[in-house]
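Biologist: Pick one part of this fold and take me through it slowly, please. I'd like the pairing and the packing around it, with your cut-offs spelled out.

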Amino acid sequence: MPTKLRIAVDAMGGDYAPQNTVAGALEALDQAKDRFSVILVGREEEIREELRKHHVNGRAPLVVQAPEVITFEDSPTSALKTKKQSSIVVGVTLHKEGKADAFVSAGNTGAVLSASTLILGRLKGVGRPTIGAVFPTEGGICLLLDAGANVDCRPQHLLEFAVMGSIYIRQLCHEQNPTVGLLNIGEEASKGGSQSQEAFQLLARSKLNFIGNVEGRDILKGKAQVVVCDGFVGNVVLKFGESFVSMVRRRLVEYGRRSFWNKIRARLAYGALRKMMKDFDYQEYGGVPVLGVNGVCIIGHGQSTAKAVRNMILRAEEMVLSNINDQIQNELQTIARG
């Protein structure tokens, strides 16, 4: 690995690309103080037009041409075959070829996940790569795995998710022995179907800090720092959580419209509410890694702002420097040996 890291950014990924991706990349470079360089991948003329708006001189990122764009409407697997010159495919390939140390995208999640898996390959011992979602809790944060990458999961996959999630929390959140919970409809070991019960037994026999089953209400309480479930359930929880902040804001505005005094009360409450809701803001976390692939790929929200893109790039740097993949591979091999 070169002394100076190189992070490839999908400049065409997201609802507001390339404006936000270029602005976020420049913010990351400013904050990094020359710790890494950025490669913007996408339609070169559009990217350079954005760079000109920022009057970039000495800190200009490298630009790599990728004329095609995989949209959110595209089928991920089909698009990878028909759009081989897309910013996602070109960016992940740069990583595969060692021309970049990480890849960041706020584009089509399925396409990024598929490209990461097919082009980079899986780590040894990983049945299925996974993506997570970070939730603020009463005591810190909780990483929910899987957040939508794998709809149907075998018990062994849930064990792998727990291992990968524990390492992620341990390294990037400095938690020495993260607690792990299995999302279920009750706390008893006998709850859930046969798949859940078998997963419970696998987790209980592992060396992880497994505290048993947790219910949906336990996520925000912070009962477990890593919560595992299949991607169908995880994605439902994620989408419900994303709707919570906007609902509270709308209700506060509606309350303020009812009377003059309500408006005063709403304004007084808004400052405290804004600080509280900051923990729920996806921009603060930037994005989440694809865990289990042979590389570092960070996936962000489709509506990522420049701030979110900046934090995605900084998260990618953390992932590379922490050598999480080596630890995942070693721990999964230990489990395989029994």
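Modeller: Let's settle pairing to begin with: two strands count as paired if DSSP finds at least two bridges between them. Strands (E, at least two residues) and helices (H or I, at least four) are DSSP runs, numbered from the N terminus. Bear in mind that this is a predicted model, where local features need pLDDT of at least 70 and side-chain atom pairs count only at pLDDT 80 or more, while totals for chains, interfaces and linings use all residues. Residues are numbered from 1 along each chain as its sequence is written, and side-chain values use heavy atoms, with hydrogens and water left out.

Now the sheet. It's an open one with 11 strands and mixed pairing, and the order reads β3-β2-β1-β4-β11-β10-β5-β6-β9-β7-β8. At the edges sit β3 (62-65) and β8 (209-214), each paired on one side only. From one strand to the next, the twist averages 25°; for angles, I fit axes as lines to C-alpha atoms, for helices over the stretch in contact, and run from 0 to 180 degrees between N-to-C directions.

Zoom in on β6 (residues 140-145) and β9 (residues 226-228): they run parallel, joined by 3 bridges. L145 has V228 of β9 as its bridge partner. Helix α6 (residues 155-172) packs on the sheet, touching β5 (130-137), β6, β7 (179-183), β9 and β10 (287-291), and its direction makes about 160° with that of β9. Contact here means heavy atoms within 4.5 Å. Helix α7 (residues 194-205) packs on the sheet too, touching β7, β8 and β9, with about 160° between its direction and that of β8.

One helix pair deserves a look as well. The axes of α1 (residues 19-32) and α12 (residues 306-322) come within 7 Å and cross at roughly 50°. That makes the two oblique to each other: under 35 degrees is roughly parallel, over 145 roughly antiparallel, 65 to 115 roughly perpendicular, and the rest oblique.

Also on α12 is E317, which counts as buried because its relative accessibility is 8%. Buried means under 20% relative accessible area, exposed over 50%, and partly exposed in between, with a 1.4 Å probe and protein chains only. Setting aside neighbours within four places in sequence, E317 is in contact with L5, I7, R35 and F36. Its C-alpha atom is 8.9 Å from that of R6, although 311 residues separate them along the chain.
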